[in-house]
Amino acid sequence: KEAEGHYNRLIEAKVEELKGKKSLYSTSYYSTETFWKLYNKARYQELKQAYDPGGRLKDLYQKCVLRK
């Protein structure tokens, strides 16, 4: 039996290899470093600061990968 997320991790690796973007509606298993490399952390932080300057909402990584 494969570990939880085994196939999702394979898909994530292949999508990254092909220079694509995986939709974040499904479960994601990216490391923090990989996630922000793929989803432009600098630009995201600019937008987050503009629209949530108090940091009241979770960031994209927390919502899509940590799910906490």
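A nonpolar core is a set of buried Ala, Val, Leu, Ile, Met, Phe, Trp, Tyr and Cys residues joined through side-chain atoms within 4.5 Å. I put that at the top of the page for the core entry below.

**Entry 1: the overall look**

I started by reminding myself that this is a predicted model. I checked the confidence next: the mean pLDDT of the protein is 91, and 99% of its residues reach 70 or more. Among the elements, helix α3 (residues 41-51) has the highest mean pLDDT, at 97, and α4 has the lowest, at 91.

Then I counted elements and got 4 helices and 0 strands. Reading from the N terminus, I wrote the order down as α-α-α-α. I noted a box of roughly 45 × 25 × 20 Å for the C-alpha atoms, taken along the principal axes.

I also looked up the surface. The protein exposes about 5400 Å², and carbon and sulfur atoms supply 53% of that. Of the 68 residues, 25% are buried. For contacts with a separation of 6 or more, I found that 38% are between residues 24 or more positions apart.

**Entry 2: the core**

Which residues make up the largest nonpolar core? I listed 9 residues in all: Tyr30, Phe35, Trp36, Leu38, Tyr39, Tyr44, Tyr61, Cys64 and Val65. Two helices, α2 (32-38) and α4 (60-66), each supply at least two residues of this core.

I picked out Leu38 and asked what it touches beyond four places away in sequence. The answer is Glu16, Lys21 and Tyr30.

**Entry 3: the rings**

I turned to the aromatic residues and found 6 aromatic pairs in the structure. The rings of Phe35 and Trp36 have their centres 5.0 Å apart and their planes at 90 degrees, so I filed this pair as edge-to-face. Phe35 and Trp36 are both buried.

Phe35 has another partner, Tyr61: the ring centres are 5.2 Å apart and the planes sit at 70 degrees, so this pair is edge-to-face too. I needed the cut-off here, since planes over 60 degrees apart count as edge-to-face. Phe35 is in helix α2 and Tyr61 in helix α4, so the pair ties together parts that are 26 residues apart in sequence. I found both Phe35 and Tyr61 buried.

Which residues form one aromatic cluster? I wrote down Tyr30, Phe35, Trp36, Tyr39, Tyr44 and Tyr61.

**Entry 4: two buried polar residues**

I looked at Ser28, which sits in the loop between α1 and α2. Is Ser28 buried or exposed? It is buried, because its relative accessible area is 1% and the cut-off for buried is under 20%. Leaving out residues up to four places away in sequence, Ser28 touches Glu12, Lys22, Cys64, Val65 and Arg67. I recognised Cys64 and Val65 from the core list.

Next I went to Thr34, in helix α2. Thr34 has 19% relative accessibility, so it counts as buried. Its side chain makes a polar contact of 3.0 Å with the side chain of Ser31.

**Entry 5: positive phi**

I reminded myself of the background: most residues other than glycine have a negative phi. So which residues did I flag?

Lys19 has a positive phi of about 65 degrees although it is not a glycine. I found Lys19 in the loop between α1 and α2, and it counts as exposed because its relative accessibility is 74%.

Asn40 is also not a glycine, and its phi is near 50 degrees, a positive value. Asn40 lies in the loop between α2 and α3. I put it down as partly exposed, because its relative accessible area is 46%.

**Entry 6: neighbours in helix α1**

I finished with two residues of helix α1. His6 lies in this helix, which covers residues 6-17. At 28% relative accessibility, His6 counts as partly exposed. How far is the C-alpha atom of His6 from that of Tyr29? I got 9.2 Å, with their positions 23 residues apart along the chain.

Tyr7 is in helix α1 as well. I noted Tyr7 as exposed, because its relative accessible area is 53%. From Tyr7 to Lys41, C-alpha to C-alpha, I read 25 Å in space and 34 residues in sequence.

Terms used:
Residues are numbered from 1 along each chain as its sequence is written. This is a predicted model: local features need pLDDT of at least 70, side-chain atom pairs count only at pLDDT 80 or more; totals for chains, interfaces and linings use all residues. Side-chain values use heavy atoms; hydrogens and water are left out. Buried means under 20% relative accessible area, exposed over 50%, partly exposed in between (1.4 Å probe, protein chains only). Contact means heavy atoms within 4.5 Å. A polar contact is a pair of N or O atoms within 3.5 Å; within protein, one must be able to donate a hydrogen and the other to accept it, and residues adjacent in sequence count only if both atoms are side-chain atoms. pLDDT is the predictor's confidence in each residue, from 0 to 100. Accessible areas come from the Shrake-Rupley method with a 1.4 Å probe; for residues, only the protein chains shown count as cover. Rings of Phe, Tyr and Trp (its six-membered ring) pair if their centres lie within 6.5 Å; planes under 30 degrees apart count as stacked, over 60 as edge-to-face and the rest as tilted.
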